[in-house]
Structures are given as structure tokens and as C-alpha cells.
Amino acid sequence: MSRTVVVLGGGISGLAASYHLSQAPRPPKVVLVEGSKRLGGWIRSIRGPGGAIFELGPRGIRPAGVLGARTLLLFLLFLRICGEQISELGLDSEVLPVRGDHPAAQNRFLYVDGALHPLPSGLSLSLTLKVASLVMDSLCRGVFAGNSRELSIRSCFPSLFQAEQTHRSVILGLLLGAGKSPQPDSALIRQARAERWSQWSLRGGMETLPQTLDTYLTSRGVSILRGQPVCGLSLQAEGHWKVSLGDSSLEADHIISAIPASALSKLLPTEAAPLAQVLNNITAVSVAVVNLQYRGACLPVQGFGHLVPSSEDPGVLGIVYDSVAFPEQDGSSPGLRVTVMLGGSWLQTLEASGCVLSQELFQQQAQEAVATQLGLKEPPSHCLVHLHK
């Protein structure tokens with residue numbers, strides 16, 4: 001008899017888990033439960049005036065390594081299965097690559113002492129010792145909105161961890177490599193390697209990826225429940241799990257959680273109190289994303305964007321120059337698009353003090369950062385504010 005697996009959370013992790021379950025030689029019955037009305041989690045693309053794309057969450061995928069290659073390959077597979085003739089439409093119809101010779105691939109900056117400085121790409125011991133604290137602080141804030149002194153190297157930077165484990169030295173490990181694993185292969189993956197893609201996005205925005213996964217999973221018989229927040233989990237006498245959904249419930253042999261650890265801790269039964277306590281201690285941070293568009297404006301530099309260390313501005317994590325990496329998403333009336341990431345200790349202090357986290361507050365903070373750090377002092381022609389909690 002086929003087993004039933006319930007996946008909690010319809011973000012990209014829950015969708016990926018459901019996909020891999022559906023690919024098993026004898027796939028179980030899979031039920032994906034999402035509390036909100038939409039799938040994708042933090043991945044959300046909004047089409048603005050003139051068709052411009054504004055990403056409220058992630059805006060690109062790195063193709064490097066085994067996982068990056070698999071993601072690129074799987075997306076093309078999904079499109080083919082869902083009826084899109086990629087071979088006829090051509091690569092440019094959907095995938096937008098940032099090639100290795102592009103300014104967005106070559107140039108990243110740090111905002112230090114009131115000015116933009118190129119982020120060093122070379123590796124030397126003296127340079128590493130001199131700027132490691134500054135760069136790692138900025139990197140951890142920009143990527144994870146976290147404190148570099150509290151994050152796990154093994155979890156956040158697995159390549160650094162593996163390099164040290166393999167060669168007993170991070171620098172030596174990065175120079176020699178941590179060993180190669182077998183990678184998926186296709187003409188597109190070979191092209192991405194040959195052209196040294198730093199990242200890629202999708203013409204219609206990153207939300208195309210979870211939307212395509214939704215279509216694919218449905219075609220594979222996966223049941224997807226939207227707008228069904230889970231109220232509790234309980235283990236039945238016969239060994240099955242009961243998933244309570246308010247006025248209804250599901251029975252499962254296994255549960256896969258793709259929701260925040262603190263949220264899962266509140267759903268577990270009393271028998272799992274020790275686990276619930278551990279999960280509740282895993283903290284998460286909020287991030288405010290402010291998308292801005294400026295008509296007739298120019299950036300002082302060309303690159304992917306810049307990071308801001310906590311010593312420079314505790315509220316601004318970094319600014320992404322969206323129009324540099326993906327000008328194809330500027331729309332029919334092109335305007336300069338940038339995204340300001342806000343968070344860190346500044347936001348944590350505001351949340352702890354009970355301050356009202358209004359859209360006006362975030363927009364003001366973002367516009368001041370763009371005016372100070374990029375010289376864009378005119379009011380934006382379009383603005384979107386979204387708080388990820």
C-alpha cells in the first residue's frame with residue numbers, strides 16, 4: 001500500500017521536497033500544505049509600470065556546482081514537460097544569464113567611509129587578514145541578514161568548510177579545490193560553464209520557477225492545498241501522524257517540514273517537547289525589501305551591487321543594481337531599478353521596541369540610503385515595500 005507524505009510549506013524548499021518525492025521509483029502519495037493562497041514563499045515577482053519586473057525576494061540563481069547545475073537543468077525539464085518548446089523558442093526566451101565578462105559578474109562593491117570600493121576578487125594572506133572582518137561582516141549581512149559572529153560556517157558557507165576539512169586550511173583549500181563531484185550534463189550547462197555564468201534569472205521573474213513547479217507537481221499527482229494553515233501535529237497510536245487543518249485533518253505516514261523552525265515548534269505534540277524547545281531556539285530575522293525605479297537616472301558605478309558593513313549603516317544590508325544585471329526586465333519604458341535590503345540590528349531593535357514597522361518608514365530609509373550611497377536624490381518614479389518576517 002502506498003505511503004502518504006505530507007509536506008509542510010509551499011516555499012521553494014517544500015516544492016523541491018515534493019518534486020524529489022515524486023521522482024522516487026515508487027513515489028508515495030504527496031500532499032503539499034501551504035498556509036497562504038500562493039506558492040513560492042519569499043520568491044515573488046511583481047510586474048510594474050511598463051512591464052518592469054520587481055523581485056520582492058531572490059532575483060537570481062547561481063549555476064555553480066552540482067546544485068546549481070541541477071537547478072538549471074530541472075527548470076528546462078519542467079518547461080518541456082509543461083509544453084514550452086525551449087529548443088524552438090531559444091535560450092533567450094526564458095533564461096537570462098549573467099555571463100562572466102559582464103559588469104554584474106565582475107564588479108561588486110563595499111560602501112565604506114562614505115564611498116564605494118571594489119570588493120577584492122584576488123586572494124592573498126595579507127589582504128585576507130586586513131579586510132576579513134569587514135568583508136565577512138558585510139557578506140553575512142548581505143546574504144543572510146545575520147551576524148558573522150553567530151552564523152555557522154558549515155551551514156552558510158559549505159565550500160569554505162569543505163576546503164578547510166579537506167586541506168586543513170581555508171586558503172589552501174580554495175586554491176587547490178575541495179575535489180570535484182559528478183555533475184549533471186547538458187548543452188546548456190556546458191554553455192553556462194564555458195561562458196562562466198555568475199547567475200541567471202527568468203524573463204518573467206523568479207516566481208516563474210515555483211509557478212512551473214506547481215504545474216509540474218500537479219501533473220505528477222501531487223495534491224497541493226493552498227490557504228490551509230496547519231493548526232497542530234499529533235502522533236496516533238497506530239504510528240500515523242494526524243495533521244490538523246482547522247475544521248479538517250490529514251493522515252500521514254511521514255511529515256516533511258519546510259516551514260521556519262519556530263513555527264514547527266508550536267505545532268509539535270507534547271511528546272516532542274524537547275525537540276520543540278530546540279527548534280524554538282533557532283532564531284530568524286526579518287528583512288525589508290524596497291524596490292525603487294528612477295527615470296533618467298544613472299549609477300556612479302556598474303556592477304551587481306554593493307554591501308554595507310554594520311559599522312557604516314546598521315540598517316542597510318546592501319543595494320542591488322537590478323538594471324545592470326537584468327536590463328531585459330526594465331520594461332517598455334526603461335528606468336533604473338535598484339533594490340535596497342534593510343534589516344540587521346537596526347530592524348531587530350525596532351521590532352523589540354514595539355515600533356510600528358510602516359511602509360513609509362522603510363521607503364524613507366531606503367531612499368535616504370540610495371541618495372547618500374548612489375547619489376540618486378530625485379524621488380523614485382515607482383516604489384514597492386515588502387517586509388519578510
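Q: Buried means under 20% relative accessible area, exposed over 50%, and partly exposed in between (1.4 Å probe, protein chains only). Why is arginine 196 called exposed?
A: Its relative accessibility is 52%. That value is over 50%, so the label is exposed. This is a predicted model: local features need pLDDT of at least 70, side-chain atom pairs count only at pLDDT 80 or more, and totals for chains, interfaces and linings use all residues. Residues are numbered from 1 along each chain as its sequence is written, and side-chain values use heavy atoms, with hydrogens and water left out.

Q: What makes the phi of arginine 196 worth a remark?
A: Most residues other than glycine have a negative phi. Arginine 196 is not a glycine, yet its phi is positive, about 55 degrees. The residue lies in the loop between helix H9 (187–194) and strand E8. Helices (H or I, at least four residues) and strands (E, at least two) are DSSP runs, numbered from the N terminus.

Q: Which loop holds aspartate 113, and what is its phi?
A: Aspartate 113 sits between strand E6 (109–112) and strand E7 (115–118). Its phi is near 55 degrees, a positive value in a residue other than glycine.

Q: Why is aspartate 113 called exposed?
A: Its relative accessible area is 70%. That is over the 50% limit, so aspartate 113 counts as exposed.

Q: What makes the contact of aspartate 253 and arginine 3 a salt bridge?
A: The term needs a side-chain nitrogen of Lys or Arg within 4 Å of a carboxyl oxygen of Asp or Glu. Here the N to O distance is 3.9 Å. The pair therefore qualifies. Aspartate 253 is in the loop between strand E12 (249–252) and strand E13 (254–257), and arginine 3 is in the segment before strand E1 (4–8). They are 250 residues apart.

Q: Why do the two partners, aspartate 253 and arginine 3, carry their accessibility labels?
A: Aspartate 253 has a relative accessible area of 17%, so it is buried. Arginine 3 has 47%, so it is partly exposed.

Q: How do you know that arginine 38 and glutamate 207 form a salt bridge?
A: Their N to O distance is 3.1 Å. That is within 4 Å, so the rule is met. Arginine 38 is in the loop between strand E2 (29–33) and strand E3 (45–47). Glutamate 207 is in the loop between strand E8 (199–202) and helix H10 (208–219), 169 residues apart from arginine 38. Arginine 38 is partly exposed at 24%, and glutamate 207 is buried at 12%.

Q: What makes arginine 226 and aspartate 214 count as a salt bridge?
A: Their closest N and O atoms are 2.3 Å apart, so the pair passes the 4 Å test. Arginine 226 is in the loop between strand E9 (223–225) and strand E10 (232–235). Aspartate 214 is in helix H10. Arginine 226 is partly exposed at 33%, whereas aspartate 214 is buried at 17%. The structure holds six salt bridges, this pair among them.

Q: Why is glutamate 34 called buried?
A: Its relative accessible area is 14%. That is under 20%, so the label is buried. Glutamate 34 is in the loop between E2 and E3. Its C-alpha is 8.1 Å from that of glycine 11, which is 23 residues apart in sequence.

Q: How many disulfides does the rule give?
A: The count is zero. A disulfide is a pair of cysteine sulfur atoms within 2.5 Å.

Q: Why do cysteine 231 and cysteine 355 get their accessibility labels?
A: Cysteine 231 has 52% relative accessibility, so it counts as exposed. Cysteine 355 has 34%, so it counts as partly exposed.

Q: Why is serine 13 called partly exposed?
A: Its relative accessible area is 49%. That lies between 20% and 50%, so serine 13 is partly exposed. The residue lies in helix H1 (12–22). An unreviewed UniProt entry annotates Ser13 as "binding site". Such positions are given in the numbering used here, feature names are shortened, and annotations may be inferred rather than shown by experiment.

Q: What charge and polarity classes make up the lining of the largest cavity?
A: The lining divides into three nonpolar, three polar and four charged residues. Ala, Val, Leu, Ile, Met, Phe, Trp, Tyr, Cys and Pro count as nonpolar, Asp, Glu, Lys and Arg as charged, and the others, Gly among them, as polar. The lining includes Phe54, Arg59 and Thr339. Phe54 is therefore nonpolar, Arg59 charged and Thr339 polar.

Methods: 1 Å grid on protein atoms, 1.4 Å probe; cavity = no way out; pocket = protein on both sides within 12 Å on 5 of 7 lines; lining within 4 Å.
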